Amino acid sequence: MFCFNCGKEINNNQKFCRYCGAKNEVDNDLTSSSNEILNDTQSQQINTVFNRDVLNNYLYNIRTLEFSKNSLLNKKQIVLQQINSLGYSNYANRKYSFDLSGYGDIWGCCVGLVFIEVIVGALLNWIFDVSWIFIIGCITVAILIALGITMVGLIEDFNKKKNFDEAVRQDDIRVINELKKREQLNNHLPDLEAEIDKIENLLTESYSVNLIPSKFRNIYAAYFLYDFISTSTASLNEALLHCDLDTIQEKLDTVIQQQEEIIMELAYQNALNEKIVRQNEQMLGHAIQTENNTALAAQYTKIAANNTGVVAAIQMSEYLRP
């Protein structure tokens, strides 16, 4: 058991703490709610005396993992959208259809014009004795005009058909390439999901230290708490008191979107920096060795192991890079 007053480990049968002298007699009739209050009190005491460097390292890892998870989930969503959009043809009808209705109108006008010319020619010939050669010439010109318009239209239609066939051929090439890409993405998706599971497991292990209440286990609180602790001398408890999630979410949506790539790139570079990794390991190892409180030492050990997992995950995963 642990002392109710100072939080240090004592024997279960000790009525008084050998460190601070506080009375630690346990009443067998304590209710479950009293036990929860006791656990909360001990947790607060541990938070109060938690090594500052270890706490910063812990919150840094939490923030990095939350951003990694968010980045990976976004990438998964993008991959799924790409898979659903790739490999589809833009040409449902694979054959070009000639529109002949326009040519019917042209020849209809030509026939009508010829008919009018014949009537007018007959009248002129009857009244003014006009030569039929002139009338036949007019009729010939009308027919030639209709033929010319028809030929221009047919040439234009054949060019359109040629362009259509080429577009279909290019579309077939695109579809083949997209199907290959879709197959690659489908094969890649399980690896991406495995990375997400790995990050979620590391997050679960990180939060299992129970320094951060469940309400604050999200990307917004992780960003705020790390920024708050790393830029001030306040304790974690004070940071939690200032952590208004609704307000933070409104303010940080844009900030997180803008800084996600920067934070992930810095995390990736830090994970590759052997000097920084060794410094963190030495700092965590020193904290474990110098801590007399068994409960805190156990938490430090857990954080050290988790830190190793976080560094390894960032080093090994190509998905974590922006």
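A residue is called partly exposed when its relative accessible area falls between the buried range, under 20%, and the exposed range, over 50%. Keep that in mind as you select K161, which is partly exposed with a relative accessible area of 28%. One more thing before we set off: the model you have open is predicted.

**Stop 1: salt bridges along helix α4**

Stay on K161 and add D165 to your selection. The two form a salt bridge, and their closest N and O atoms are 2.9 Å apart. Both residues belong to helix α4, where they are 4 residues apart, about one turn of the helix. D165 is partly exposed too, at 32% relative accessibility.

Now select E166 and R169. Their side chains meet in a salt bridge of 2.8 Å, N to O. This pair is also in helix α4, and its members are 3 residues apart, again about one helical turn. Why does such spacing suit a pair? An α-helix has 3.6 residues a turn, so residues three or four places apart point the same way. As for exposure, E166 has a relative accessible area of 35% and is partly exposed, while R169 is partly exposed at 41%. Next, pick D171, R174 and E178, which are joined into one network by salt bridges that share partners.

How many salt bridges does the model have by the counting rule used here? The count comes to 7 salt bridges.

**Stop 2: from helix α4 across to helix α2**

Select K76 and E193 together. They form a salt bridge whose closest N and O atoms are 3.5 Å apart. K76 lies in helix α2 and E193 in helix α4, so this pair ties together parts that are 117 residues apart in sequence. Colour by accessibility if your viewer allows. K76 counts as partly exposed at 25% relative accessibility, and E193 is partly exposed with a relative accessible area of 31%.

**Stop 3: rings that pair up**

The rings come next. The model has 4 aromatic pairs by the rule applied here. One of them is F67 with Y223, a tilted pair with 6.0 Å from centre to centre and 45 degrees between the planes. F67 sits in helix α2 (residues 52–85) and Y223 in helix α5 (residues 219–230), so the pair ties together parts that are 156 residues apart in sequence. Are these two rings' residues buried or exposed? F67 is buried, with a relative accessible area of 0%, and Y223 counts as buried at 12% relative accessibility.

Then select Y91 and F164, which make an edge-to-face pair: 5.4 Å centre to centre, with 85 degrees between the planes. Y91 is in the loop between α2 and α3 (101–128), F164 is in helix α4 (residues 132–207), and the two are 73 residues apart. Y91 counts as partly exposed at 26% relative accessibility, whereas F164 is buried at a relative accessible area of 16%.

Before leaving the rings, show Y88 and R182. R182 lies over the face of Y88, at 5.5 Å from the ring centre.

**Stop 4: helix α5**

Y223 has already brought you to helix α5, which is worth selecting as a whole. α5 has 12 residues and reaches 16 Å from its first C-alpha to its last, close to the 16 Å expected at 1.5 Å a residue. How many of its residues are buried? The answer is 10 of the 12, so α5 is largely enclosed by the rest of the structure. Among the buried residues are I219, Y220, F224, L225, F228 and I229.

**Stop 5: a nonpolar patch on the surface**

Turn on the surface and select F115, I116, I119, V120, L123, W126 and I127. Together they form a nonpolar patch on the surface, with about 780 Å² of accessible area. Take F115 as your way in: this residue is found in helix α3 and counts as exposed at 56% relative accessibility.

**Last stop: S235 and F50**

Finish by selecting S235, in the loop between α5 and α6 (236–241). S235 counts as partly exposed at 23% relative accessibility. Now add F50 and draw a distance between the two C-alpha atoms. S235 and F50 are 185 residues apart in sequence and 8.9 Å apart in space, C-alpha to C-alpha.

Technical notes
Residues are numbered from 1 along each chain as its sequence is written. This is a predicted model: local features need pLDDT of at least 70, side-chain atom pairs count only at pLDDT 80 or more; totals for chains, interfaces and linings use all residues. Side-chain values use heavy atoms; hydrogens and water are left out. Rings of Phe, Tyr and Trp (its six-membered ring) pair if their centres lie within 6.5 Å; planes under 30 degrees apart count as stacked, over 60 as edge-to-face and the rest as tilted. Buried means under 20% relative accessible area, exposed over 50%, partly exposed in between (1.4 Å probe, protein chains only). A charge sits over a ring if NZ of Lys or CZ of Arg is within 6 Å of the ring centre and within 35 degrees of the ring normal. Patches are made of residues with over 30% relative accessible area and no salt bridge: like charges are joined within 9 Å, nonpolar side chains (Val, Leu, Ile, Met, Phe, Trp, Tyr) within 5 Å. Accessible areas come from the Shrake-Rupley method with a 1.4 Å probe; for residues, only the protein chains shown count as cover. A salt bridge is a side-chain nitrogen of Lys or Arg within 4 Å of a carboxyl oxygen of Asp or Glu. The expected span of a helix is 1.5 Å times one less than its number of residues.
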